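Please look through the sequence and the model below, and then follow the questions and answers.

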Amino acid sequence: MFKVQTLNKISSSGLDLLPRDMYEVASEFTNPDAIILRSFKMNDMELPASLKAVARAGAGVNNIPIDKCSEKGIVVFNTPGANANGVKELVILGLLLASRKVFQGLAWAKSLIGKGDEIPQLVEKGKSQFTGPEILGKKLGIIGLGAIGCKVANDAHALGMKVKGYDPFITIDSAWLLSNNVQKASGLEEIFRDSDYISINVPFNDETKGMFNAEKFALMKKGVRILNFARGGLVNNPDLLKAIDQGIVTVYVTDFPDEELLKNDNVIGLPHLGASTPEAEDNCAVMAANQLRSFMETGNIKNSVNYPACEMEFSGKSRLLIMNKNVPQMVGKITGVLAEKQINISNLLNKHK
């Protein structure tokens, strides 16, 4: 019986995929075999010796101590693409909010409460202060063409935008998903120079932290509107605010606001709503549960952030799964031990990362 601990509320669509005759699921366990979570911060958590896997029902894994898990042989899974449609829809909404002063107009219209019969006349008189451009025919630059970036690119083109994308690490799967109407940018400078709108869709890590800074803003087309529904740390906020003051950035729409950003009238800050749809939560939970179950029952690894993809058809009565550091002669030593015990190997797969 595998013990699976939930550190957040996880959709039953996923948990129901774990058979109760093989899995015990609860929020409190002393020695769990696996953990499923969403946003719970595990960074300072003591990892039990029994723990074999952690499944994050979402794409970001900043809340999980990856290095510590790797050292202890704990496989960490995420669910890339499971919430892509939910985030994509919010990015498309962000395009419209960056153009049309919907928030400002809504707040102003609410201020008319109590004016009674005067409201229609006041509306007609005051609406001119909330004008904004259409997105039709405008140039959208997309940085990062993963599951979300591809969906944004395709839908933005369908709405009549001229779309260019840049991703030096685009996968074959993403390339298949991308419309052939989306142009390939030669580099970031081309995106910055030509785009009326820029959508940021890259992962957050040590290499991308603060990558959108004063140097990058200086290259951008004046009046650009920027959408960040990826991670807040990708943008250097003090540099961004200076770029807004200089007229380089007209509007910044983000799902990751802080106090300084919220004080600026040119910033539209949403409370991290990207994956806040019941469909996305269900999809993430289902994907996390399936990956966890496959690993616990067969040792197969798919969508791990710290161990290599490793999948092999299950044949025979038992399977031996070994995590080891990538050092010379390790495979030979392992097979030698088995040979000494007169154990035959019917099939073997060795992957490293």
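Axes here are lines fitted to C-alpha atoms, for helices over the stretch in contact, and angles run from 0 to 180 degrees between N-to-C directions. This is a predicted model, in which local features need pLDDT of at least 70, side-chain atom pairs count only at pLDDT 80 or more, and totals for chains, interfaces and linings use all residues. Residues are numbered from 1 along each chain as its sequence is written, and side-chain values use heavy atoms, with hydrogens and water left out.

Q: How do helix H3 and helix H6 pack, roughly parallel or oblique?
A: Helices are DSSP runs of H or I with at least four residues, numbered from the N terminus. Helix H3 (residues 84-99) and helix H6 (residues 147-158) have axes 9 Å apart and pack at an angle of about 45 degrees. Angles under 35 degrees count as roughly parallel, over 145 as roughly antiparallel, 65 to 115 as roughly perpendicular and the rest as oblique. H3 is therefore, relative to H6, oblique.

Q: Which residues of H6 make the contact with H3?
A: Contact means heavy atoms within 4.5 Å. On the H3 side the contact is made by Ala84, Asn85, Val87, Lys88, Val91, Ile92 and Leu95. On the H6 side the residues are Ala147, Ile148, Lys151, Val152, Asp155 and Ala156.

Q: How many residues of the contact of H3 with H6 are nonpolar?
A: Ala, Val, Leu, Ile, Met, Phe, Trp, Tyr, Cys and Pro count as nonpolar, Asp, Glu, Lys and Arg as charged, and the others, Gly among them, as polar. The contact of H3 with H6 has three charged residues and one polar, and its nonpolar residues number nine.

Conventions: Helices (H or I, at least four residues) and strands (E, at least two) are DSSP runs, numbered from the N terminus.
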